[in-house]
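Colleague: Please choose one part of this model and describe it closely. I should also like to know how it is set within the whole.

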Amino acid sequence: MPELPEVETVLRTLEHQIQKQKIIDIDIRWDRIVQGDNDEFKQTLIGQEFVDFKRRGKYLLFIMNDCILVSHLRMEGKYFYVDKDTPVDKHTHVIFKLSNNLELRYNDTRKFGRMEILPKDTDLDTFKNLGYEPWDERLTSAYCKSVLRKRTGPIKGALLDQSFIAGIGNIYADEICFKMGVDPRKACKKITKKNCEDLIIATREILQRAIECGGTTIRSYTSSLGITGLFQLEVYVHGKKDEVCPVCGTPIKKIRVATRGTYFCPNCQKR
Ligand SMILES: [Zn+2]
């Protein structure tokens, strides 16, 4: 599932490719991808240009002339930017026909992704009840402490909660806990001020680094490869069950925390 860095990569790739392109027609082939009335969706977007490209959490926000097109990739959503004569894949569900004779195609093998139109003046600060972006200066250790103090359950659950910090998913939550040196099961109530400082530093460093890795991938993308936003992740613990911890050599353990498969080093990460 794409997390913040992958969504950012997709967004910057698309910005490079389709900025200022006008939508001249839309073909919706699986109507549940589009929330609300499909004809209204088409009527609103046809004739509009892709003006600006923003992200909130894991949402792509295409700022059009008179509205915002919101897209969430969920598990498997991908965009392809192709010539109009390219054969349409069976997993392509929405086709935006552009004024330059190219097409932006939304592909989703699992059909979980969603698109919707919002008014241009939508308040992005409170959008979808999302918490602060990782680099928001309002995200301070005092803020984290005040939220976590009132929260039940493990720290990993808080990291996955999009209303706490926006954009973190299962992979990066494990990596952040590892970098913090904190057991993912540690109760939110027991998270210290120091843990909160480490949490913010770890979150920013890990996500920034992942975006930079994605950025290097962008340059090698071609339209025929599509835009998956997936790149070689630099992971220390996630998905590494029984491999040795890169810091201390202890085998990485896999457990279930907050209903998700969770990887951690039982020696480096303290409860
Ligand atoms: Zn270790």
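**Strands, helices and core**

Modeller: The chain contains six helices and 10 strands, taken as DSSP runs of at least four residues for helices (H or I) and at least two for strands (E), numbered from the N terminus. The model is predicted: local features require pLDDT of at least 70 and side-chain atom pairs pLDDT 80 or more, whereas totals for chains, interfaces and linings use all residues. Residue numbers start from 1 along each chain as its sequence is written.

I begin with the sheets. One is an open, antiparallel sheet of four strands in the order E1-E6-E7-E5, where pairing requires at least two DSSP bridges between strands. Strand E1 (23–28) and strand E5 (78–83) occupy the edges with a single partner strand each, so each has one side without a neighbour in the sheet. Ignoring direction, the average turn between neighbouring strands is 20°, with axes fitted to C-alpha atoms, for helices over the stretch in contact, and angles between N-to-C directions running from 0 to 180 degrees. Six bridges connect E5 with strand E7 (residues 102–107) in the antiparallel sense, and Phe80 has Arg105 of E7 as its bridge partner. Helix H1 (residues 4–18) packs on this sheet through E5, strand E6 (92–98) and E7, its direction making about 20° with that of E5; contact here means C-beta atoms, placed from the backbone, within 7 Å.

The other open sheet of four strands, also with antiparallel pairing, follows the order E2-E3-E4-E8. Strand E2 (50–56) and strand E8 (114–119) stand at its edges, and each has a single partner strand, so one side of each lacks a neighbour in the sheet. From one strand to the next, the twist averages 25°. Strand E4 (residues 67–72) runs antiparallel to E8 and is joined to E8 by six bridges; Leu69 is paired in this way with Ile117 of E8. H1 packs on this sheet as well, touching E2 and strand E3 (59–64), and its direction makes about 175° with that of E2.

As to the setting, an automatic or database assignment supplies the domain bounds, namely domain 1 (4–123) and domain 2 (141–264). Their C-alpha centres are 28 Å apart. The largest nonpolar core comprises 63 residues, with Ile176 and Cys177 making the most contacts inside it; such a core is a set of buried Ala, Val, Leu, Ile, Met, Phe, Trp, Tyr and Cys residues joined through C-beta atoms within 7 Å. Helix H5 (residues 170–180) is its main contributor, giving seven residues. Because domain 1 and domain 2 both supply residues, the core lies between them.

Beyond residues up to four places away in sequence, Ile176 touches Leu159, Ile168, Leu199, Ala202, Thr203 and Ile206. Lys156, located in helix H4 (residues 155–160), touches Cys177 and, among others, Ala173, Pro184 and Val257, on the same exclusion of residues up to four places away. Lys156 counts as buried because 25 other C-beta atoms lie within 10 Å; the limits are 20 or more for buried, 12 or fewer for exposed and partly exposed in between. Its C-alpha is 9.0 Å from that of Ala187, a residue 31 positions away in sequence.

Over the 271 residues of the chain, 39% are buried. Of the contacts with a separation of 6 or more, 67% join residues 24 or more positions apart. Along the principal axes, the C-alpha atoms fill a box of roughly 55 × 35 × 30 Å.

Note on methods: Contact = placed C-beta atoms within 7 Å.
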